[in-house]
Amino acid sequence: MNGGAHMSGSGRPNGDAGGFIEVRDVYKRFSPHLTLGDRIAAKFGARVETRSVRAVDGISLAIARGETLGLVGESGCGKSTLGRIIAGIMEPTAGTVAVDGAPVMADGAKADTRVQMIFQDPFASLDPRMRVGDIIAEGPLAHGLVGKADSEDYVAGNLTRAGLDPAFADRFPHQFSGGQRQRIAIARALAMQPDVLVCDEPVASLDVSIQAQIVNLFLKLRRELSITLIFISHDLSIVRHVSDHVAIMYLGRIVESGPTETVYSDPKHPYTQGLLESVPKLVLDEKELVQLKPIVGEIPSPLAPPAGCHFNPRCPVAIDRCRSEDPVLRRIRGDQYAACHLVEAEA
Amino acid sequence: MSGQVMEKGPAGKGAGNRPILQVEDLRTHFFTRAGVVKAVDGVSFSVERGEIVGLVGESGSGKSVTGFSLIGLVDPPGRIVSGSIKLDGEELVGRSDAEMRSLRGARIAMVFQDPMMTLNPVLKIGTQMRLALTAHERVSDSAARDRAADALTRVGIPDARARLDAYPHQFSGGMRQRVAIAIALLHGTEVIVADEPTTALDVSIQAQILSEVRELAREIGTSLVWISHDLATVSSLASRLLVMYAGRIVEEGPVATVLRDPRHPYTAGLLRSLPATAKPGTELDQIPGSAPSLLALPEGCPFRPRCDRAGDACLSDPPVSSAGDRGFRCHYPIDAGAPA
């Protein structure tokens, strides 16, 4: 794959002032771990998987301070991997991530605490044997953000901020519902006084009525703490609700990005168009026959993405050029970018 | 909920045209060490031939247990304690395991959320489909292959005959769910109970399956009970909606009517909490609190502690009101036509 094709960046072009988070040409490959035996077997024609997964395939992004970026895509598109790289808990194969000019990772290890992460499953992300208070205090104590004497008040403050009763500090995670656990995970992240929160599907495992509570909490935190949020989700309606900008990913690449309302109301890339068409809508008029116009075909294996534009086998308008040449993410109008040969830039 | 209402039928069908599925006052309880969990507690509804009914609720509302009860798959410590389930007029409650087994798959089938759990990982798809066929009728191997290939083609699997020799792991999630639906359709099933069948799938794949299922139901005339937590999915598929809360149906009616004009405060609250109904970036209307434990249900209406319309009357069981093709269970329903 010609990786260089994506150098031009996304979100807003790199190099502009105001890129609080700068993601530059990030690649992440997962290669199979081959033993000597595997290698020899492969040499003799045995079927050993030697291909690597290009989970993130040349992504550049710039996110302004206090902004919320929605990272959207279907399973296997690399959105979670990109989130982990931005959070500094996974090392990119190539490329850099900087927050406020300083890299989040140095020598392959997380450099600081400015980026915190919230995970999808609050049943898996909280240690069941620790009390809530200890879960929240552990990080700040280790990093010297708070002294031992003040930690109780500190924990209480963060619990309150996440909408929980400070008395919960003495309890264990199993005593809480999914929504409350997610609040604990949020309190834990906030206790590290982060500049950036990476939220990976933070409401996907919650019931509809609880989702609204957590979405509201994010809106409140953003308003009160002017925190920069990266909101990773497959749920297009929630992303629309919380994000200022969105980036749509497909098989490791960003295919479209721009201000949320612009992208949702006038998507340029055929994949974005198909994805938005695929979302079931509430039908409020019985006479209206719901037209579902699904994207045809399956998401290809990231082990062997199609040549050229990765979307070309499913694209209704693909031409020969799409099957051979990687489209570059380029400006269509204003802040809207799309990686499609067939979309013309507007003046 | 209101069986009588339904018999009149929204479409005004003749009296001889009885519903394919009729559930009356179904109660499925689980007798656990901590106490009796009334997962399904007095559920009544009916499904017409060829109708798609959406059963919506949050986790713990009893929607899945209702589905399992329909096909007789409630495991101890749970059991159906009372009520009636009639499939084309025949009572299913109280049948022996052997009798249910002969019905299951042949006349009433279920499609589960996770197709990896329903398909046997060590058997080829063709073998599994042949076994499903021979469980209920005598078919030759070659005839079984033909029918299996037909069924796969019908659910949109390309090159079906060759795919019969593939194993489940060689299929994607969406394809596996198509196989599960194809198996459910093998015998000209009258009713399919589908429990969150597209929840585990990607948006673009979900849209494919929704439009295929809608076509199939129309072509074959199979009735569907579509269980989901997602109002939007149900609304693009079903013609009628049942909303469950804490083991009971709290509201039912034609999908679009209920969504446009909800009468039960829970339905209204659920709708208002959807980002799709709100202006982006604004605070979402939230239902306070969380669903009650089925072990310790509040007295009277179980939604009372979270309800903004609750009053003294809600300490007693709310009555079932029905008007035309609508029904709801509330002391203080929202006025018809009131802005949501």
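Let's start with burial in chain B. Of its 340 residues, 49% count as buried. Keep in mind that this is a predicted model.

Now the overall build of chain B. There are 12 helices and 12 strands. The radius of gyration is 21 Å, and the globule rule gives 20 Å for 340 residues. Those two values are close, so chain B is as compact as a globular protein of that length. Along its principal axes, the C-alpha trace spans about 65 × 50 × 50 Å.

What about contacts along the sequence? Take the contacts in chain B between residues at least 6 apart. Of these, 66% join residues at least 24 apart.

Next, one helix pair inside chain B. Helix H5 of chain B covers residues 125-134, and helix H6 of chain B covers residues 141-154. Their axes come within 9 Å. They cross at roughly 110°. Angles of 65 to 115 degrees count as roughly perpendicular, and H5(B) and H6(B) are therefore roughly perpendicular to each other.

Who makes that contact? From H5(B), we have Gly126(B), Met129(B), Arg130(B), Leu133(B) and Thr134(B). From H6(B), we have Asp141(B), Ala144(B), Arg145(B), Arg147(B), Ala148(B) and Ala151(B). By class, that gives five nonpolar, two polar and four charged residues.

On to where the chains meet. Chain B puts 38 residues into the contact, and chain A puts in 37. Which elements of chain B give two or more residues to the side that touches chain A? They are helix H9 (203-220), helix H10 (231-235), helix H11 (255-260) and helix H12 (265-272) of chain B. H9(B) has the largest share of that side, with six residues. How does the side of chain B that touches chain A divide by class? Into 17 nonpolar, 16 polar and five charged residues.

Let's finish with one residue on the other chain, Ser278(A). Ser278(A) is found in helix H9 of chain A, residues 270-278. Is Ser278(A) buried or exposed? The cut-off for buried is 20 or more other C-beta atoms within 10 Å. Ser278(A) has 22 C-beta neighbours inside 10 Å, so it counts as buried.

Now its partners, leaving out residues up to four places away in sequence. In chain A, Ser278(A) touches Pro294(A) and Ile295(A). In chain B, Ser278(A) touches Val203(B), Ser204(B) and Ala207(B). On the chain B side, helix H9 of chain B runs over 203-220. One last distance: Gln291(A) lies 13 residues from Ser278(A) along the chain, and their C-alpha atoms are separated by 9.6 Å.

Terms used. Residues numbered from 1 in each chain as written. Chains lettered and ligands numbered in written order. Predicted model: local features only at pLDDT ≥ 70, side-chain atom pairs only at ≥ 80, totals over all residues. Axes fitted to C-alpha atoms, helices over the stretch in contact; angles between N-to-C directions. Helix = DSSP H or I, 4+ residues; strand = E, 2+ residues; numbered from the N terminus. Parallel < 35°, antiparallel > 145°, perpendicular 65-115°, else oblique. Contact = placed C-beta atoms within 7 Å. Nonpolar A, V, L, I, M, F, W, Y, C, P; charged D, E, K, R; others polar. Buried ≥ 20, exposed ≤ 12 C-beta atoms within 10 Å, placed from the backbone. Rg over C-alpha atoms; globule rule 2.2 N^0.38 Å.
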